[in-house]
Every structure is written in C-alpha cells, then in structure tokens.
Amino acid sequence: MHSRIVALLLATALLLAGCAAARSGELGTATTALDTPVATRGAQAARPFLTIAHRGASGSAPEHTIASYDLALELGADYIEQDLQQTSDGVLVALHDETLDRTGRGSAENCTGLVRTKTLAQIKTCDVGSWFNDTYPRYARPEYAGLRIPTLEEVFQRYGDRANYYIETKSPERADRMEERLVALLDRYGLRAPSIVRRQVLIQSFSPASLRRVHALDPALPLVQLFYGEETSRTIQAGLAQVADYAVGIGPSKDAVDAALVAAARTRCLDLHPYTVNERPEMQRLIALGVDGMFTNFPRELNEIAGRASGPAATPARAATTPAACQRRR
Ligand code: G3P
Ligand code: CA
C-alpha cells in the first residue's frame, strides 16, 4: 500500500513537472524572448509611436509656415518637421525646395531662383501662403496669404521646449557649415541637452556625410538617415550596419518598408520612420508592420488610425527615448 502511495505521489509530481515544463514552453516566449534581439524587447517596452508632421500639417496649411506648425501641434503631432535651406548671408530657414519658385510669390529678383543666392532680407519679402490657397482651394484661408518663410531661430523662439523638432539638412554640401550653424542654434536655445536625453530634436538627412559631420560635432545627438525612394528594403538593409555607427534611426520611403526591414532595423537598434504617409490604408499597413512612427501631412488622421486621441500635443513627454537595451548597446 505504502509503495502504491509513493508511486502515486511520484506520478503526480512528474505530471506537475510536465505541466510546468509545458507552461514554460508557452511562456517562452520567456526563453524565446531572451533569444530575440535586445532592440526588439526594448522597443516593445519603451518606444512610443510618433506622429511626425511633415513640413507641419502641410496637407491643410501652407508647408513650412508658422500656421502649418501651429496647426500640427494643435492636432497632436509629436514632432514638427523643418527642412533647412541656407541664405547667402548664412541664415538657416525652413523651406523644402532649393529654389523659391514653387512656393514663393513676390518680386522675381527676391522670390525666384536659389535660396542660397538670396539674403534673408530678400526672402523675407516672399509670400509663401498664396500658392497654397491657389493650389488647394478646399483648404484655403485668407490669413494664409502673405505668410513668410520662418528662420529656424524664429521657430525655436516661438515653440521653445514646448515642441519637438525633426530637422533635415537639405543640400548640405552646397551650404557653408550648415551643421555647425544648426548645432550652435541648438545651444543658443538650450536644445542640445534635451535632444540627447529625450530626443527633443532629431536631425535627419539624405546625406550620410552631413550626418557624420553632426556626429563629429557631438556623437550623442540623435540622427536619422533618410533613404531616397529608389532604395528598396534589400538595399537599405545592406547599409544598416554602417548607419548604426552614427544614427539612431532610418527614414525610408514608405514603399520600401516590409517586415524584413522592420526586423533588420530592430536588430540594429534603429528606429524606423517612413515618409510620407498620407493615405489611411498605408498608415494601417505600416502600423501593423511595427514602424516607430511616420511622417505625414495629416497628423490628425494618423493619430486616429494609430488609436490616439488628437489634442494639444504633450510634446516633451511624448518625445522618443532610446530603449534601455539599445542604450547599453551604443
Ligand atoms: O524627411 C522625410 C521626408 O520629408 C523626406 O522627403 O523631400 O519631403 O524632404 P522630403
Ligand atoms: Ca524632409
């Protein structure tokens, strides 16, 4: 009898052990998780999804104007994007194109041709709102007519630490010391430290040389390498090891993003912010793939699709942070 009881206890113990093993197999996600790249675990735990207002809320207001940035923040964007051009007298201004022709209205002398051949005083005479009213009557507003090109300094003066900035060096090889001027402005407005700590400013460029120049000035500043539309998931993946030497993220065209690119970026501890995503199905596809945020002309719509309430942006709190696991790897 005694031996039967012992046998029964042993069988029960074995059964319980088996169940425990089976459970640990399920959790194992515990085990499996430890085998996955650290970036993935960190990302799942800590990285917020970012709505990046491309040229401001440029679907509904003239791009790169204070009106466009104001609207973006009102609609709950986490970052407002500035494309940088540089005037002949060395001032950084927020404008996408190298020339004034598409969005500038005013005298031909001041408001056509290359920005880098004009002084700030010249380009300040140009109206960069009327073209929008003419092109997009649905979104036109009388107050957009006459809007001016903002300098980066004016943008910092207006929003200070109440906004996050996603700043692109445009045509940096044709601008004298653009990167130095940018970093000096960050210092003047107390934005360097918060950029390092919580990514209040992200600096992006299609030019690896420009990003490397910023990196040489301060290796802790967070940088994002952009990729042109011709690049595919495969060609981008091939260069990620080099990019990870100086950048914290990549900005591919939306069409290049697939599961393999998302996984490769995670493995390298690189955030992934595709551009420029304005259609709802495309937003949904990219969110499902697990991107970390995206550039859009329509921040309200992206916030809706991402399941976030639109409202005044709680910007500093929602700035990106580097997951602890990735910090340790850097
Ligand atoms: O910076 C991301 C995206 O804006 C790149 O395209 O031409 O709009 O500057 P572009
Ligand atoms: Ca840009």
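Here is a chat about how some labels on this predicted model are earned.

Visitor: What is the make-up of the protein in helices and strands, and what share of the residues is buried?

Guide: The protein has 18 helices and nine strands. Of its 330 residues, 44% are buried.

Visitor: Why is Asn 303 called buried?

Guide: The cut-off for buried is 20 or more other C-beta atoms within 10 Å. Asn 303 has 22 C-beta neighbours inside 10 Å, so it counts as buried. Asn 303 sits in helix α16, residues 299–305. Its C-alpha atom is 9.9 Å from that of Asp 78, and the two residues are 225 apart along the chain.

Visitor: And why does Gly 290 count as partly exposed?

Guide: Exposed takes 12 or fewer neighbours and buried takes 20 or more, with partly exposed in between. Gly 290 has 18 C-beta neighbours inside 10 Å, so partly exposed is the label. Gly 290 belongs to the loop between α15 (280–289) and β9. From C-alpha to C-alpha, Gly 290 is 9.6 Å from Asp 258, which is 32 residues away in sequence.

Visitor: What makes His 64 and Arg 177 worth a look in terms of phi?

Guide: His 64 is not a glycine, yet its phi is positive, about 50 degrees. Arg 177 is also a residue other than glycine, with a positive phi near 55 degrees.

Visitor: Where are they, and is each one buried or partly exposed?

Guide: His 64 is in the loop between β1 and α4. With 28 other C-beta atoms within 10 Å, His 64 is buried. Arg 177 is in the loop between β4 and α9. Arg 177 has 13 other C-beta atoms within 10 Å, so it is partly exposed. There's a glycine to mention too: just after α9, Gly 190 has a positive phi of about 65 degrees.

Visitor: How do you know that the buried residues of α9 are on the same side?

Guide: Start with the list: in α9 (residues 178–188), the buried ones are Met 178, Glu 179, Leu 182, Val 183 and Leu 186. They span an arc of only 130 degrees around the axis, so they are on the same side of α9. An α-helix has 3.6 residues a turn, so residues three or four places apart point the same way. On the other side of α9 you'll find Glu 180, Asp 187 and Arg 188, which are exposed.

Visitor: What covers the buried residues of α9?

Guide: The cover includes strands β2 (79–86), β3 (92–94), β4 (165–169) and β5 (201–205), plus helices α10 (192–198) and α11 (208–217).

Visitor: What makes you say that the buried residues of α11 line one face?

Guide: In α11, Ser 210, Leu 211, Arg 213 and Val 214 are buried. Looking down the axis, they fall within an arc of 155 degrees, so they line one face of the helix. Ala 209 and Ala 216 are exposed, on the face turned away from that buried side. The buried residues of α11 pack against β4, α9, β5 and β6 (223–226).

Visitor: How do you know that both faces of β1 are covered?

Guide: Leu 50 and Ile 52 are on one side, Thr 51 and Ala 53 on the other, and all are buried. In a regular strand the side chains alternate between the two faces of the sheet. Strand β9 (residues 293–296) gives a similar list: Gly 293 and Phe 295 point one way, Met 294 and Thr 296 the other way, and all are buried.

Visitor: Why are β1 and β9 called paired?

Guide: Pairing needs at least two bridges, so the four parallel bridges between β1 and β9 qualify. Ile 52 has Phe 295 as its bridge partner in β9, and Ala 53 stands opposite Thr 296. β1 also pairs with β2, in the parallel sense over two bridges. There, Ala 53 stands opposite Ile 80.

Visitor: Which residues have the most contacts inside the largest nonpolar core?

Guide: They are Ala 72, Tyr 79, Ile 80 and Ile 250, in a core of 75 residues. Helix α4 (residues 66–74) supplies the largest share of this core, five residues. Beyond its neighbours within four places in sequence, Tyr 79 has contacts that include Leu 50, Ile 52, Ala 53 and Tyr 165.

Notes: Residues are numbered from 1 along each chain as its sequence is written. Chains are lettered from A and ligands numbered from 1 in the order in which they are written. This is a predicted model: local features need pLDDT of at least 70, side-chain atom pairs count only at pLDDT 80 or more; totals for chains, interfaces and linings use all residues. A nonpolar core is a set of buried Ala, Val, Leu, Ile, Met, Phe, Trp, Tyr and Cys residues joined through C-beta atoms within 7 Å. Two residues are in contact if their C-beta atoms, placed from the backbone, lie within 7 Å. The arc is that of the directions from the helix axis to the C-beta atoms.
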